[in-house]
Amino acid sequence: MKTHLKMTSALVGAIRADLERPHPFAHERVGFIFAGLAKVGADLAILAHTYQPIADEDYLDDPTVGAMMGPAAIRKALQQALQTRSAALHVHMHDHRGQPGFSAVDLRENAKFVPNFFNVGPQRAHGAIVLSRDGAAGQIWTDRLGDAVAINRFTAVGPKLNLLGAFQ
C-alpha cells in the first residue's frame with residue numbers, strides 16, 4: 001500500500017507558523033492535523049483539512065522531551081476526530097532544511113498514543129507527521145493492532161505545487 005498526504009500550501013504555512021511560535025517552557029510546539037481518507041485501489045489518499053494547535057496550558061513541563069502533551073490536549077484531539085469523523089495526525093517540526101525524520105523518542109511516543117484514536121475512529125487511519133522547513137515525513141496506522149507504515153508522498157497544493165517528500 002502506498003500512502004499520499006495532500007494539503008493546501010496555505011494549511012502547510014499556517015501549521016509551520018504555529019509550530020515556530022515560542023512556548024513558555026516547551027522546546028517545541030505540537031498540534032494535530034485532521035484529514036479525510038480515500039482509498040484509491042490498494043492505496044490511501046490522506047486529504048488534510050484542519051489544523052488544531054495544542055493550547056499553551058495543555059503542555060506538561062517535562063524537560064526530558066521537546067514537548068509533552070497533557071491529557072487535555074489528547075482529549076481535545078480525540079473529540080475533534082470524533083465530531084468531524086476525521087483521521088488524526090499528530091504533527092511537530094524539526095527546525096532545519098532537508099528531509100526530517102522521527103527521533104527514537106518520537107517513535108516511542110507515537111506508538112503509545114496514536115492507537116488511542118481508534119477508540120473514536122476505528123474505521124479511519126491515524127498517524128504522526130514531522131515537518132522540516134521544506135520537507136515532511138510521516139507514519140500511519142490503518143488499524144489499532146497493526147504496525148505503522150511510512151507515508152510515501154506529501155504534496156502541498158496551491159499556486160505552486162510543492163512535493164514535500166516522495167519516497168518509493
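This section describes a central strand, the nonpolar cores, a helix and an aromatic cluster in a predicted model.

Strand S8 spans residues 136-141, and six of its six residues are buried, so the strand is largely enclosed by the rest of the structure. In a regular strand, side chains alternate between the two faces of the sheet. In S8, Ala136, Gly138 and Ile140 point one way, while Ala137, Gln139 and Trp141 point the other way; residues of both sets are buried. S8 runs antiparallel to strand S7 (residues 126-131), to which six bridges join it. S7 and S8 form a hairpin, with four residues between the two strands. S8 also runs antiparallel to strand S9 (residues 149-150), through two bridges. Gln139 takes part in both pairings: its bridge partner in S7 is Ala128, and Ala150 stands opposite it in S9.

The largest nonpolar core contains 23 residues, and Ile15, Ile33 and Ile129 have the most contacts inside it. Two or more residues of this core come from each of strand S1 (3-8), helix H1 (9-20), strand S2 (30-40), strand S3 (43-53), strand S6 (87-93), S7, S8 and strand S10 (153-157). Apart from residues up to four places away in sequence, Ile129 touches Leu5, Ile33, Leu89, His90, Val91, His92, Phe102, Ala137, Gly138, Ile151 and Phe154. Of these contacts, Ala137 and Gly138 belong to S8. A second core, separate from this one, has 20 residues, among them Ala26, Ile74, Val114 and Phe117. In soluble globular proteins, nonpolar side chains tend to be buried together.

Helix H1 has 12 residues and reaches 16 Å from its first C-alpha to its last, close to the 16 Å expected at 1.5 Å a residue. Its buried residues include Leu11, Val12, Ile15, Arg16, Asp18 and Leu19. Seen down the helix axis, the buried residues of H1 fall within an arc of 160 degrees, so they line one face of the helix.

Three aromatic pairs were counted in the model. One of them, between Phe32 and Phe117, is tilted, with 5.5 Å from centre to centre and 45 degrees between the planes. Phe32 lies in strand S2, whereas Phe117 lies in the loop between helix H3 (104-113) and S7, so the pair ties together parts that are 85 residues apart in sequence. Both Phe32 and Phe117 are buried. Ring pairs link these two residues with Phe34 and Phe113 into a cluster.

Methods:
Residues are numbered from 1 along each chain as its sequence is written. This is a predicted model: local features need pLDDT of at least 70, side-chain atom pairs count only at pLDDT 80 or more; totals for chains, interfaces and linings use all residues. Side-chain values use heavy atoms; hydrogens and water are left out. Buried means under 20% relative accessible area, exposed over 50%, partly exposed in between (1.4 Å probe, protein chains only). Two strands pair if DSSP finds at least two bridges between them. A nonpolar core is a set of buried Ala, Val, Leu, Ile, Met, Phe, Trp, Tyr and Cys residues joined through side-chain atoms within 4.5 Å. Contact means heavy atoms within 4.5 Å. The expected span of a helix is 1.5 Å times one less than its number of residues. The arc is that of the directions from the helix axis to the C-beta atoms. Rings of Phe, Tyr and Trp (its six-membered ring) pair if their centres lie within 6.5 Å; planes under 30 degrees apart count as stacked, over 60 as edge-to-face and the rest as tilted.
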